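Q: Could you take a close look at one part of this model for me? I'd like to hear how the helices and the sheet fit together.

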Amino acid sequence: MYTSTLSNSALNEPRLSALEAENARLRALLGQYRRQAVMIAQRHERLGRFFIAERDANRAEASRLAAENARIRGEAELAAADYANDLGELMQNEARQTLLMQELSHRVKNTLAMVQAIAAQTLRNAESLDVAAESLGARLIALAQAHDILIQGSWSSVDLRSLVDGALALHAEGESQQFRVTGPDLTLGPRPGLTFALMLHELATNAAKYGALSTPEGHVEIAWCVEAGEAGGEPHLRFRWEEVGGPPVRPPTRTGFGSRLIERSLVHSFGGSVNLAYPVTGAVLTLRAPLSAVVAEAP
């Protein structure tokens, strides 16, 4: 019995050794697997951090690109708006320039027509070329002075008092009392302004040659007012030129440039009425014209 028990124990020793060896091998494999698992986990962690970093970087880049696109889009919209405004302004400027050129052409033609009429009538009635040259030069100077006054009003209007003062400046000496001017402020249109300037020049020139301005004792009274229309009708401008204290005058034997200017321009063009009389005391002109025909249009 003793011998058999010893024999079984001896038999089990190799089996135990094999189990221990297998156990050691398995533990070694387990340790290897654990190390590999740690390495894989660390690799996955690094990859995760990389992908997270890439994702955040991509999001930041996407945000930056979105902001940049929004900025560029905003600048493009502003540039488009500025271009549209500039284009509209250029088109308006071009339209204004075209209108101004047309207006300038119209005014130049009218001025040339007036100069032609003045020259033709001056030469037709002049006694000699010297007289014609003197009269024509004086009339063109009066026309130029009227143009200067109109330019100050941008060719749209002229103050009647300024027009009267400018037309009479050639005949007034210092503080001369030969002109007594009264009347309210009144703004004429460009065409009536030129016509009034030429009319005043003719009246003043004739007065200086033959009438009240040819003697120190004489003077001219110039007055205007706005009269109410009859029965609620349109108001009228009433303008009066009266020579006082000059030598006795006689009516002219022929119709001169000034008379034709008054009749054709003031009466026909403006629908007014005029009375040019020559009493012994001096020439008297009384003019009435519809206010709407002579005053400047409201801007």
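**Helices against the sheet**

A: Let's start where the two helices touch, keeping in mind that this is a predicted model. On the H3 side, Leu160, Leu163, Val164, Ala167 and Leu168 meet Gly193, Phe196, Ala197, Leu200 and Ala204 of H4. Sorted by class, that contact has 9 nonpolar residues, 1 polar and no charged ones. As for the geometry, the axes of H3 (residues 160-168) and H4 (residues 190-209) come within 9 Å and cross at roughly 35°. The crossing of H3 past H4 is right-handed.

Now for the sheet. It's an open one with 5 strands, ordered S2-S4-S5-S7-S6, and the pairing is mixed. At the edges you'll find S2 (179-182) and S6 (273-277); each has a single partner strand, so one side of each is left without a neighbour in the sheet. On average, neighbouring strands are turned by 5° against each other, if you ignore direction.

Zooming in on one edge, S6 runs antiparallel to S7 (residues 284-290), and 5 bridges join the two. Within this pairing, Ser273 sits opposite Arg288 in S7.

And how do the helices sit on those strands? H3 lies across S2, S4 (219-227) and S5 (236-244), running at about 165° to S4. H4 packs on the sheet too, touching S5, S6 and S7, and its direction makes about 15° with that of S5. So S5 is a strand that H3 lies across and that H4 touches, while H3 and H4 also meet each other, with Leu160 and Phe196 among the residues involved.

Note on methods: Residues numbered from 1 in each chain as written. Predicted model: local features only at pLDDT ≥ 70, side-chain atom pairs only at ≥ 80, totals over all residues. Heavy atoms only, no water. Axes fitted to C-alpha atoms, helices over the stretch in contact; angles between N-to-C directions. Helix = DSSP H or I, 4+ residues; strand = E, 2+ residues; numbered from the N terminus. Left-handed = near helix turned anticlockwise from the far one by under 90°. Contact = heavy atoms within 4.5 Å. Nonpolar A, V, L, I, M, F, W, Y, C, P; charged D, E, K, R; others polar. Pairing = 2+ DSSP bridges.
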